[in-house]
Amino acid sequence: MNILSLFVVIPVLMLLGLWVARNLNQVRGVMVAGSTALLILSVWLTITFIQEREAGNTAAMLFEDSIVWFEPLNIAYAVGVDGISVVMLLLSSIIVFTGTFASWQLKPMTKEYFLWFTLLSTGVYGFFICIDMFTMFMFYEVALIPMYLLIGVWGSGKKEYSAMKLTLMLMGGSALLILGILGIYFFNGATTMNILKIAAENNIPADIQNIFFPFIFIGFGVLGALFPFHTWSPDGHASAPTAVSMLHAGVLMKLGGYGCFRIAMFLLPSAAQELSWVFLILTTISVVYGALSACVQTDLKYINAYSSVSHCGLVLFALLMMTKTACTGAILQMLSHGLMTALFFALIGMIYGRTHTRDVRQLGGLMKIMPFLSVGYVIAGLANLGLPGFSGFIAEMTIFVGSFENADTFHRTATIIACTSIVVTAVYILRVVGKILFQKVSDPHYLELTDATWDERFSVCCLIFCVAGLGIAPLWASEVIDNAVAPIINVINM
């Protein structure tokens, strides 16, 4: 069995283990064992991948394997990883692992919650290891479907409305995706669904590429919070339970940027060159609009949700710049934002679980009451606004430097406009930190609240370690990503 298949086999075994579990301790045991195994596997894969590259193995994909499972349409279970896939698998395993501990105290129906949570994780892992378009799409759908129940059953606030809105909009994006995938398949000669083979053949006429590129880019862009298709995101984040928000913003939204780069731009390079300016305008709006919208929110989750719209918009913005530096920055931003936003949502969920409110106007003096969670929130905020020493600074600087490499007025103007989001981000982060942490205690009952439990501290510390570690030592990730970005950029800019 190919080593990459373990990323699907282990979650399936976790599902079976959860199904037969008879009490809460067994459920927790299955989740800890499975998520730990996936984390160890992803770390091993990352180290092995780096060693293979250092040894001179320059294959486009490593650990490739392919098994045909529907011959009439040439659909195969084809797997393989490059540097982009490796860091996305590492990010996913970190979020699943920490999300397990962030949900340690979740009740009721803990078993059923973790079943759907694990199914969602299965789809994410499968998506990142597959190099067959149809199989990728299948895992993509597996990752989306559990969101409805996870939000609708275990969420808060307008959870039914948010779950339905999210599902309908993402399913609309999926409808565009399947049309685009079938268009690529049939107009390329209907011989293969393998991404690498399609890119090598490059038989799709330019006018046909222009037709199907918007289908693919918008289809994935809906999940990547592309303006104006982003409206599901704030409501979905605000209503989702803590670990689901972590996985949703930290990993699931990254499927959008990954798909845009891996399929839309890689397989339709002529259309990417021709139509990039349209989507560059939309992504610039996403970056600035998301940051400005976060400034006027009073709900902590909505603030972070609109912040995610801005930061995920920055991913698509950098990809459309189509320089190697900018695209490397985009993948670094996916990794960095996944860690930062997971940390934010974890802390917000822990604060809400104690105060029973996320309204900034009703919170105050938390540093005195729960210092551990407060310090964690400060660190998450500083990372989010791009303070040097944290992952956000490395990713954003790489993006803006790479974007400015385009010497024409249009691209540089868009870059300057997008840069304003840095200032706006600092405004809403510092405003919230000052209000909820350092002002006087707003409610005397808060003085009776407790700080983080051991499971919450463990989850938060793991995420802080990753955010700081990537910021202090980013070179390994940058080199791994850069080696994977280069061949795709070469195809796009041919």
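Here are three short exercises on helices, a hairpin and a surface patch in a predicted model.

Residues are numbered from 1 along each chain as its sequence is written, and side-chain values use heavy atoms, without hydrogens and water. Local features need pLDDT of at least 70 and side-chain atom pairs pLDDT 80 or more, while totals for chains, interfaces and linings use all residues.

**Exercise 1.** Find where helix H13 bends and by how much.

Start with the extent: H13 covers residues 269-295 (helices are DSSP runs, H or I, of at least four residues; strands, E, of at least two; both numbered from the N terminus). Next, locate the bend: about 60° at Leu275, taken as the angle between axes fitted to the seven residues ending there and the seven starting there.

**Exercise 2.** Work out which residues make the nonpolar surface patch, and which helix gives the most to it.

First, list the members: Trp277, Val278, Ile281, Ile285, Tyr289 and Phe410 make a patch of about 490 Å². Then turn to the helix: H13 gives the most, with five residues. Finally, check one member: Trp277, in H13, is partly exposed at 47% relative accessibility (between 20% and 50%; buried is under 20%, exposed over 50%, with a 1.4 Å probe and protein chains only).

**Exercise 3.** Describe how strands E1 and E2 are joined.

Begin with direction: E1 (residues 62-70) and E2 (residues 75-81) run antiparallel, joined by six bridges. Pick out one pair: Ser66 has Ala78 in E2 as its bridge partner. Now follow the chain: four residues separate the strands of this hairpin, and Asn74 in the turn has a positive phi of about 55°.

Conventions: Expected span 1.5 Å × (residues − 1). Bend = angle between axes of the 7 residues up to and from the residue. Patch = residues over 30% accessible without salt bridge, like charges linked within 9 Å, V, L, I, M, F, W, Y side chains within 5 Å. Areas by Shrake-Rupley, 256 points an atom, 1.4 Å probe, with all protein chains shown as cover. Salt bridge = Lys/Arg side-chain N within 4 Å of Asp/Glu carboxyl O. Pairing = 2+ DSSP bridges.
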